[in-house]
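Here is a short briefing on one protein model. Please look over the sequence and the fold before reading the points below.

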Amino acid sequence: MIKGAIPLKIAGIGYSVPSTVVTNDDLTKLYETSDEWIYTRTGIRERRLVSGNETAIDLGETASRDAIEKAGLNPDELDMIIAASSTPVEMYSMSCCIQKRLGVTKPIPAFDISAACSGLIYGLSIARGLIASGMYKNILIVATDNNSKHLDWSDRGTSILFGDGAGAVVVTASKDGTDDIIALDIQADGKQGGLIELHFDGDNCPLVKPNDKREPKIQMNGKGVYTFVVKLLPNYVDELIKNAGLKSENIDYMVPHQANIRIIRAVQERIGISDEKVITNLEYYGNTSAASIPIALVEGVRNGQMKLNSNVLLCGFGAGMTWGGAIVRLREGIC
Ligand code: UT7
């Protein structure tokens, strides 16, 4: 940490998923596939999807309320909201919609970031800098995605993977001098952007030459993503631990982005930690993008798999391509 920087406390974490379950067997009504194919390749059995008029804003609101309550704050004590979403319902600020829903009466800054599935770690990094500088004290980071609205439901290579959900983290200026962030790093490589794309081209003005149209749906080169990430992420996470002056035995738990169980196992093998220390729930939720890490984290604690007062490694990757990792300290009572 930079000398004089204000340390950060992770004060509360919450999540929300839709109640509607769509199983692998259900997907066989859409295209030729099987539970066995999907589960073997990905580790996913079912996912939660928004239904009717439910959106990522509803999920984001519920997750935020959960995190704010655990932080022991009321919404008017927040002084910034950062929403991470790569499948927004409102391009003009999901964070402002959530600010309104939470009933925040003050004109606190609210803005969105994307960074796709790395959005939560990117948001944490931004919040860390703003808290360290003393500019802000209580920041809500809410990661919320309704991927199901942006998938091509005839593309069996991509649509099997994703689910909808939201996770939220409230971070505050630490009053006891302890920094809950032991290490934090974010990276990107735009040259790999073609691996996962979601175009929002729009239409040129009718008075000028029309633009080419591209399908506004998530398009993914699954094998390309897999190969890129399996080569990159295990070494990256290993370096993150070493650069923090730690060894894998200092990591109590790993909460990875829930994209594919085979990618998770590759990272786990590289750093050499046992299955009980690795939190996975993609079997039930699929890949919920930026929400996947906080959802797994809260569930890991609430179902007793993770003990608090522990060092937890978070790591993720997503479209862009973006990736990031953090080693954080989880205090009692945060979720
Ligand atoms: O946050 C976003 C992160 N994204 C990821 O993490 C994606 C990482 N990649 C993956 O998880 C895998 O690449 C997939 C699970 C998406 C695909 O697995 P794969 O082993 O790479 O399959 P493939 O795309 O190479 O396809 C193999 C075969 C093809 O048939 P042929 O050409 O060999 O006859 C596909 O048509 O499997 C077929 N296939 C399917 N079969 C049954 C593709 N999707 C399906 C399906 N059910 N759902």
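What is the strand order of the open sheet of five strands? The order is β1-β7-β6-β4-β5, and the pairing is mixed. The model is predicted, so local features are given only where pLDDT is at least 70. The notes cover the sheet, its helices, the salt bridges, a surface patch and one buried arginine.

**The sheet and its edges**

- β1 (8-16) and β5 (110-113) are the edge strands. Each of them pairs on one side only.
- On average, neighbouring strands in this sheet are turned by 20° against each other, with direction ignored.
- β1 is joined to β7 (residues 164-173) by eight bridges. These two strands run antiparallel.
- One bridge partnership links S16 to A166 in β7.

**Strand β4, inside the sheet**

- Is β4 enclosed or open to the outside? Five of its five residues are buried, so β4 is largely enclosed by the rest of the structure.
- M80, I82 and A84 point one way from β4. I81 and A83 point the other way. All of these residues are buried.
- β4 and β6 run parallel and are joined by five bridges. M80 stands opposite I139 of β6.
- β4 and β5 also run parallel, with four bridges between them. A84 has I113 in β5 as its bridge partner.

**Helices on the sheet**

- Helix α3 (residues 56-70) lies across β1, β6 (138-146) and β7. The helix runs at about 135° to β1.
- Helix α5 (residues 119-132) also packs on the sheet. The strands touched by α5 are β1, β4 (80-84), β5, β6 and β7. The direction of α5 makes about 165° with that of β6.

**Salt bridges**

- How many salt bridges does a search of the whole structure find? The search finds 16.
- D176 and R331 form one of them, with the closest N and O atoms 2.8 Å apart. D176 sits in the loop between β7 and β8 (181-188), and R331 in the segment after β13 (322-330), so the pair ties together parts that are 155 residues apart in sequence.
- D176 counts as partly exposed because its relative accessibility is 47%. R331 has a relative accessibility of 16%, so R331 counts as buried.
- D189 pairs with K191 in a salt bridge, and their closest N and O atoms are 3.1 Å apart. Are these two residues buried or exposed? D189 counts as buried, at 16% relative accessibility. K191 counts as exposed, at 72%.
- D275 forms a salt bridge with R265, where the closest N and O atoms are 3.8 Å apart. R265 belongs to helix α8 (261-271), while D275 lies in the loop between α8 and α9 (282-285), so the pair ties together parts that are 10 residues apart in sequence.
- Both ends of this bridge are partly exposed. The relative accessibility of D275 is 47%. For R265, the relative accessible area is 27%.
- D58, E61, R65 and R101 are joined into one network by salt bridges that share partners.

**A nonpolar patch on the surface**

- Which residues form a nonpolar patch on the surface? They are M91, Y92 and F200. Together they have about 440 Å² of accessible area.
- M91 lies in the loop between β4 and α4 (94-102). M91 has a relative accessible area of 55%. The cut-off for exposed is over 50%, so M91 counts as exposed.

**A buried arginine**

- R47 is placed in strand β3 (residues 46-48).
- Is R47 buried or exposed? R47 counts as buried, because its relative accessibility is 0%.
- R47 and N287 are 240 residues apart along the chain. Their C-alpha atoms are separated by 8.2 Å.

Note on methods:
Residues are numbered from 1 along each chain as its sequence is written. This is a predicted model: local features need pLDDT of at least 70, side-chain atom pairs count only at pLDDT 80 or more; totals for chains, interfaces and linings use all residues. Side-chain values use heavy atoms; hydrogens and water are left out. Two strands pair if DSSP finds at least two bridges between them. Axes are lines fitted to C-alpha atoms, for helices over the stretch in contact, and angles run from 0 to 180 degrees between N-to-C directions. Contact means heavy atoms within 4.5 Å. A salt bridge is a side-chain nitrogen of Lys or Arg within 4 Å of a carboxyl oxygen of Asp or Glu. Buried means under 20% relative accessible area, exposed over 50%, partly exposed in between (1.4 Å probe, protein chains only). Patches are made of residues with over 30% relative accessible area and no salt bridge: like charges are joined within 9 Å, nonpolar side chains (Val, Leu, Ile, Met, Phe, Trp, Tyr) within 5 Å. Accessible areas come from the Shrake-Rupley method with a 1.4 Å probe; for residues, only the protein chains shown count as cover.
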